[in-house]
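User: I would like to go through this chain with you, beginning with its overall build and then turning to individual strands and loops.

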Amino acid sequence: MEPFKIKVVETIPQTSRRERRQILEEAGYNLFAIPADRVTIDLLTDSGTAAMSDRQWAGIMLGDESYAGSKNYYHFEETVREIFGYKYVIPTHQGRVAENLLFSVLVKKGTAVPNNIHFDTTRANVEFNDGLALDCVIDAGLDPNADLPFKGNMDLKKLEGVIRQTGASNIPLCLMTITNNSGGGQPVSMENIRKTRKLLDQYGIPLYFDACRFAENSFFIKERETDYRERSILSIAREIFSYGDGCTMSAKKDGLVNMGGFLCTNDRELSQSITNLLILHEGFPTYGGLAGRDLEAMAVGLREVLDENYLSFRIRQVQSLGDMLHKRGVPILRPTGGHAIYVNAGAFLPHIPREAFPAQALACAFYEEGGVRGVEIGSLMFGGNDKTTGEAKHPELEMVRLAVPRRVYTTRHMQYVAETIAAVYERRESIQGLEIVYEAPVLRHFTARLRPLEEQNAKVRN
Ligand code: P70
């Protein structure tokens with residue numbers, strides 16, 4: 001059961017199917033363009049959408065808004081040092097700023113940054129600094145049906161190949177994303193982290209964690225890795241970070257806050273260069289783009305997320321949504337990851353060709369059916385035409401991600417989501433593809449406008 005009681009409630013918007021059809025049309029079949037108060041269950045992202053606790057709200061009242069040396073900063077710094085164990089702690093307003101600062105100093109033309117799989121903002125920040133962002137996840141991590149406990153693991157052979165090819169001196173750092181968001185929220189094992197560290201040590205390459213879902217990853221280690229059954233989540237997290245030289249963190253995930261992030265490192269010189277950039281772009285080092293009260297909420301959230309009752313509910317809630325869908329025959333990426341369900345849209349709608357955006361059509365169908373909003377991770381987000389050949393390119397998989405916000409929805413809400421998706425599955429053959437009517441030159445998925453191919457198909461049928 002939910003390990004919390006509800007003190008403040010927010011009304012869930014209800015709409016009719018007719019209204020939703022009209023909303024979809026007005027939004028150009030792009031779920032990013034739908035106002036949130038027209039969404040019944042919002043699974044667009046687990047980022048910045050958590051419900052804060054009474055203790056976090058109480059912390060907000062303790063906000064010390066002094067420009068320099070706010071007492072909340074010291075509380076935050078002490079908390080981060082205790083969990084993550086790194087010497088230098090630099091607050092930022094969200095994760096991508098931490099990435100930007102770190103890579104602005106370390107990455108340049110001719111360098112490469114390996115990762116299990118880069119998340120979009122990490123990839124974009126590496127590439128923006130003219131570096132090469134390389135993915136080295138194990139092959140099974142790309143197979144939607146491979147049922148393995150640690151599908152986020154780094155493939156050490158691939159990593160070593162990259163190091164040999166690029167030359168260790170051209171690899172300023174190696175990243176590891178825990179859990180591996182772009183690969184389905186899959187965890188990385190402690191054994192794999194340890195071995196990665198050992199390999200990098202042979203070449204003198206620093207290891208940094210992209211740590212936004214570190215508590216969920218720690219929970220999976222406790223459950224799935226034999227030597228860790230009796231260990232506390234805090235001690236598992238501390239061990240993970242002991243193998244690294246630092247981390248970037250979007251606290252909008254496992255920090256349980258609506259805005260916040262930070263960067264950690266053990267490297268004094270690096271921390272000085274980053275702090276100089278921080279002052280230029282974000283703010284003074286004891287607030288880094290955040291209010292004092294935000295730092296306090298983050299300090300409290302980082303401790304709350306380590307609570308095993310919370311984590312066990314969290315992981316089970318996502319798992320039970322996965323199980324409900326699997327039982328009804330809905331094709332999803334298995335095993336279920338930590339923060340989201342990834343519906344395999346290619347297998348769900350085999351009659352829609354990739355040019356007609358099956359995952360986007362499916363995300364729209366979930367909304368039309370029950371006001372459930374997910375996010376397309378497929379040809380709309382990652383496809384497009386190759387810059388040199390002009391040929392259409394598509395990502396490996398067509399997926400709709402249903403990310404579950406933390407402490408927001410109940411088990412009954414998850415049942416509603418499963419029923420909605422199962423109803424769409426029953427009528428899957430009636431779903432038509434889409435075509436683009438407007439697209440921006442970069443990151444087109446946020447602002448694209450589309451329309452159904454229905455009319456055209458009807459003409460073909462006649
Ligand atoms: C998500 C959001 C953010 C993220 C992440 C990892 C592994 C860094 C960041 C950046 C982004 C998103 C995607 C689709 C719709 C809405 C939002 N992930 N590293 O949902 O952190 O956002 O704080 O700059 O997952 O996965 P930040």
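What follows is a set of questions and answers on the chain as a whole, one strand and its partners, and a few backbone features.

User: What kind of model is this, and how are the residues numbered?

Analyst: Side-chain values use heavy atoms, with hydrogens and water left out, and residues are numbered from 1 along each chain as its sequence is written. Local features need pLDDT of at least 70 and side-chain atom pairs count only at pLDDT 80 or more, while totals for chains, interfaces and linings use all residues, since this is a predicted model.

User: How many helices and strands does the protein chain have?

Analyst: Helices (H or I, at least four residues) and strands (E, at least two) are taken as DSSP runs and numbered from the N terminus. On that basis the secondary structure of the protein chain comes to 17 helices and 16 strands.

User: Which radius of gyration does the protein chain have, set against that of a compact globule?

Analyst: The radius is taken over C-alpha atoms, and the globule rule is 2.2 Å times the number of residues to the power 0.38. The C-alpha trace spans about 70 × 55 × 45 Å along its principal axes. For 462 residues a compact globule would have a radius near 23 Å, and the protein chain agrees with this at 22 Å.

User: What percentage of the residues in the protein chain is buried?

Analyst: A residue is called buried under 20% relative accessible area, exposed over 50%, and partly exposed in between, using a 1.4 Å probe and protein chains only. By this rule the buried share of the 462 residues is 56%.

User: Which residues of strand 14 point one way, and which the other way?

Analyst: In a regular strand the side chains alternate between the two faces of the sheet. Strand 14 covers residues 399-403, and 5 of its 5 residues are buried. Met 399, Arg 401 and Ala 403 point one way, and the other way point Val 400 and Leu 402.

User: Which residue of strand 14 stands opposite Ala 340?

Analyst: Two strands count as paired if DSSP finds at least two bridges between them. Strand 9 (residues 340-344) runs antiparallel to strand 14 and is joined to it by 5 bridges, while strand 11 (residues 375-377), also antiparallel to strand 14, is joined by 3 bridges. From strand 11, Ile 377 has Met 399 as its bridge partner, and from strand 9, the residue opposite Ala 340 is Ala 403.

User: Is Asn 385 buried or exposed?

Analyst: Asn 385 lies in strand 12 (residues 384-385). Leaving aside neighbours within four places in sequence, Asn 385 is in contact (heavy atoms within 4.5 Å) with Gly 390, Glu 391, Ala 392 and Lys 393. Because its relative accessibility is 54%, Asn 385 counts as exposed.

User: What is omega for the cis peptide bond that joins Ile 178 and Thr 179?

Analyst: Most residues other than glycine have a negative phi, and most peptide bonds are trans. Thr 179 sits in the loop between strand 5 (174-177) and helix 7 (190-203). The cis bond between Ile 178 and Thr 179 has an omega of about -20°.

User: Where is Leu 256, and what is its phi?

Analyst: Leu 256 belongs to the loop between strand 7 (246-250) and strand 8 (261-265). Leu 256 counts as buried because its relative accessibility is 0%. Its phi is a positive value in a residue other than glycine, near 55°.
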